[in-house]
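Me: I'm trying to get my head round this model, and I'd like a close look at one part of it. Please start with the overall layout and then zoom in on the aromatic rings.

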Amino acid sequence: MSAQNTQIQTGDIKDLQKNHKFGWFMGSFVDEETPFHSKDFELKLGTHPKGEVRESTSPAGNTQETLCIIIEGAFKIVFHDDNREVIVDKPYQYFYFSPSAPHTTTALEESKLLTIRWPSL
C-alpha cells in the first residue's frame, strides 16, 4: 500500500459514540465515509452503572450473534430459556449468545464491556 492510500486516525472512542445510541461506534449505521463503517460487524464499548438492569430487546427473527467481553467490573446475565445465570467478574471473561436468546443483564458493580455483534444490521 502506498503512503498516499494509508489512513491513520487517533482519537477517543467516546467522541465516536456521540452520534450513536447505546455506545455503538462501528457498524453499518456509521457514516460510510469513515473507517468505522462496516456491514460485517458492530462494536460497542459500554459503561454500565452499578445496579443497571436491561432486558433483551432483540426482535423476533434477529440474526445477530453477540460476544461481550468484560473490561472491568462485574456483570450478571440470566438466559431465560434455560434459566441459566452467568457472572463475569474478571477482565477478559466473556459471554456469547445466539440470535434472539432472551436474557437480562445486571451490572453488579460499575462495569465496562466491549460488545461485538455480527452481522451489522
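Read along the sequence, what pattern does the chain follow? After that, which residues form one aromatic cluster, and which residues make up the largest nonpolar core?

Reply: Quick note before we dive in: this is a predicted model, where local features need pLDDT of at least 70, side-chain atom pairs count only at pLDDT 80 or more, and totals for chains, interfaces and linings use all residues. Residues are numbered from 1 along each chain as its sequence is written, and side-chain values use heavy atoms, with hydrogens and water left out.

Now the layout. Read along the sequence, the pattern is α-β-β-β-β-β-β-β, so you have one helix and seven strands (DSSP runs numbered from the N terminus: H or I with at least four residues for helices, E with at least two for strands). The C-alpha atoms fill a box of roughly 55 × 30 × 25 Å along the principal axes. Of the 121 residues in the chain, 35% are buried (under 20% relative accessible area with a 1.4 Å probe, protein chains only; exposed is over 50%, and partly exposed is in between).

On to the rings. F79, F95 and F97 form one aromatic cluster. The structure holds three aromatic pairs, and F95 with F97 is a stacked one, at 6.3 Å centre to centre and 15 degrees between the planes. (Rings of Phe, Tyr and Trp, counting the six-membered ring of Trp, pair if their centres lie within 6.5 Å; planes under 30 degrees apart are stacked, over 60 edge-to-face, the rest tilted.) F95 is buried, at 5% relative accessible area, and F97 is buried too, at 7%.

What does F79 touch? Leaving aside neighbours within four places in sequence, F79 is in contact (heavy atoms within 4.5 Å) with R84, V86, F95, Y96, F97, P102 and H103.

The cluster also belongs to something wider: F79, F95 and F97 are among the 11 residues of the largest nonpolar core, together with C68, I70, F75, I77, V88, A101, A107 and L113. (A core is a set of buried Ala, Val, Leu, Ile, Met, Phe, Trp, Tyr and Cys residues joined through side-chain atoms within 4.5 Å.) Strands β4, β6 and β7 each give two or more residues to this core, and β4 gives the most, with five. Apart from this core lies another one, of seven residues, F25, V30, F36 and I69 among them. That fits a broader habit: in soluble globular proteins, nonpolar side chains tend to be buried together.

Have a look at Y96 as well, since its story takes another turn. Y96 sits in strand β6, residues 94–97, but is partly exposed, with a relative accessible area of 38%. Y96 joins F41, Y94 and W118 in a nonpolar patch on the surface, with about 400 Å² of accessible area together.

Finally, R84, from the list of F79's contacts, forms a salt bridge with D82, the closest N and O atoms being 3.4 Å apart (the rule is a side-chain nitrogen of Lys or Arg within 4 Å of a carboxyl oxygen of Asp or Glu). Both partners are partly exposed: R84 at 48% relative accessibility and D82 at 46%.

Definitions and conventions:
Patch = residues over 30% accessible without salt bridge, like charges linked within 9 Å, V, L, I, M, F, W, Y side chains within 5 Å. Areas by Shrake-Rupley, 256 points an atom, 1.4 Å probe, with all protein chains shown as cover.
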